Amino acid sequence: MTSAKTPADEAEAKAIQDELRGRVVLTETGPPPGTGLIAGVDVAYDDERDLVAAAAVVLDGATLEVVEESTSVGRVSFPYVPGLLAFRELPTVLAALDALTVTPGLVVCDGYGLAHPRRFGLACHLGVVTGLPAIGVAKNPFTFTYGEPGARRGEWSPLRAAEGDVVGRALRTQDGIKPVYVSVGHRVSLDSACAHALALSPRFRIPETTRHADSLCRRALLEATL
């Protein structure tokens with residue numbers, strides 16, 4: 001996999017985003033939902049110790065059983081700047097993905113892809129540097145607006161930027177439960193990204209990939225700070 005350069009400052013980070021954004025592929029549908037190997041990635045922080053733990057958990061797309069998991073713990077290498085969060089997370093996330101012995105057909109990020117102020121969230125960044133299809137499934141809508149989707153599982157409404165562009169969807173994964181916010185990262189269509197989000201969320205609001213990765217990265221961070 002391609003390594004991720006840590007920028008020296010905010011200006012360089014934005015320049016890297018501008019360069020890599022042009023490499024995002026939006027013309028591919030992506031792997032069929034409910035098939036293949038699907039990785040979920042997530043991170044947890046210990047701000048006092050300046051540590052970040054990342055987890056990569058690979059599930060069988062058909063059964064949602066865990067196939068493999070890995071973790072990585074490192075120092076936070078970039079300050080918190082809204083819109084540039086990927087630079088804090090990417091090195092450790094890539095290390096966790098590199099530790100896997102299998103190659104997933106899709107990576108699901110707990111965050112954003114095109115639904116990002118600079119149209120280049122973590123799912124885009126991770127997809128471009130690894131070459132893997134990637135999507136973002138976020139818990140909150142960030143700075144974007146949407147109409148409330150219908151109450152039934154599978155119903156959705158467009159997620160719009162301030163200028164009106166559609167950058168994702170608010171998707172209901174469980175009847176009557178708050179939606180999640182799906183956006184394309186790399187090499188996946190929005191229709192396919194939503195189908196994956198539903199296939200990965202048979203029982204809960206949040207995809208199983210994210211649920212497993214969230215638990216694992218928190219455990220790795222706790223063990224690293226004992």
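Select glycine 121 in this predicted model and show what surrounds it: beyond its neighbours within four places in sequence, glycine 121 is in contact with Tyr112, Gly113 and His116. Glycine 121 sits in the loop between strand 4 and helix 3 (122–130). Is glycine 121 buried or exposed? Its relative accessibility is 4%, so it counts as buried. Now add isoleucine 135, which is 14 residues away along the chain; the two C-alpha atoms are separated by 9.9 Å.

Next, colour the strands. Nine of them form an open sheet with mixed pairing, in the order 3-2-1-4-5-9-8-7-6. Strand 3 and strand 6 are at the edges, each with a single partner strand, so one side of each has no neighbour in the sheet. In general, strands of a sheet pair through backbone hydrogen bonds, in either a parallel or an antiparallel sense.

Start at the edge formed by strand 6. Select residues 145–146 for strand 6 and residues 156–160 for strand 7: the two pair in the antiparallel sense over two bridges. Threonine 145 stands opposite arginine 160 of strand 7, and tyrosine 146 stands opposite leucine 159 of strand 7.

Keep leucine 159 selected and look towards strand 8. Which residue of strand 8 is the bridge partner of leucine 159? The partner is glycine 168. Strand 7 and strand 8 (residues 166–171) run antiparallel and are joined by five bridges. Their hairpin has five residues between the strands, and in it glycine 164 takes a positive phi near 100°.

Two further stops also concern phi. Most residues other than glycine have a negative phi. Select phenylalanine 142, in the loop between strand 5 (134–138) and strand 6. Phenylalanine 142 is not a glycine, yet its phi is positive, at about 60°. With a relative accessible area of 38%, phenylalanine 142 is partly exposed.

Then select aspartate 50, in the loop between strand 1 and strand 2. Here too a residue other than glycine has a positive phi, near 60°. Aspartate 50 is partly exposed, and its relative accessible area is 38%.

Move to the other edge of the sheet and select glutamate 68, which is found in strand 3 (residues 66–75). What is the nearest side chain of opposite charge to glutamate 68? It is arginine 219, 14 Å away; glutamate 68 is buried yet has no salt bridge. A polar atom of the glutamate 68 side chain does lie 3.0 Å from the backbone nitrogen of threonine 101. Apart from neighbours within four places in sequence, the contacts of glutamate 68 are Ala56, Val57, Val58, Ala99, Leu100, Thr101 and Val102.

End with helix 5, residues 208–225. Its 18 residues should span 26 Å at 1.5 Å a residue, and the C-alpha atoms at its ends are 26 Å apart, which agrees. Which residues of helix 5 are buried? Select Glu208, Thr209, Thr210, Ala213, Leu216, Cys217, Ala220, Leu221 and Thr225. An α-helix has 3.6 residues a turn, so residues three or four places apart point the same way. Show the strands again with this selection: the buried residues of helix 5 pack against strand 1 (37–46), strand 2 (51–60), strand 3 and strand 4 (106–109).

Terms used. Residues are numbered from 1 along each chain as its sequence is written. This is a predicted model: local features need pLDDT of at least 70, side-chain atom pairs count only at pLDDT 80 or more; totals for chains, interfaces and linings use all residues. Side-chain values use heavy atoms; hydrogens and water are left out. Helices (H or I, at least four residues) and strands (E, at least two) are DSSP runs, numbered from the N terminus. Buried means under 20% relative accessible area, exposed over 50%, partly exposed in between (1.4 Å probe, protein chains only). Lys and Arg count as positive and Asp and Glu as negative; His and the chain ends are not counted. A salt bridge is a side-chain nitrogen of Lys or Arg within 4 Å of a carboxyl oxygen of Asp or Glu. A polar contact is a pair of N or O atoms within 3.5 Å; within protein, one must be able to donate a hydrogen and the other to accept it, and residues adjacent in sequence count only if both atoms are side-chain atoms. Contact means heavy atoms within 4.5 Å. The expected span of a helix is 1.5 Å times one less than its number of residues. Two strands pair if DSSP finds at least two bridges between them.
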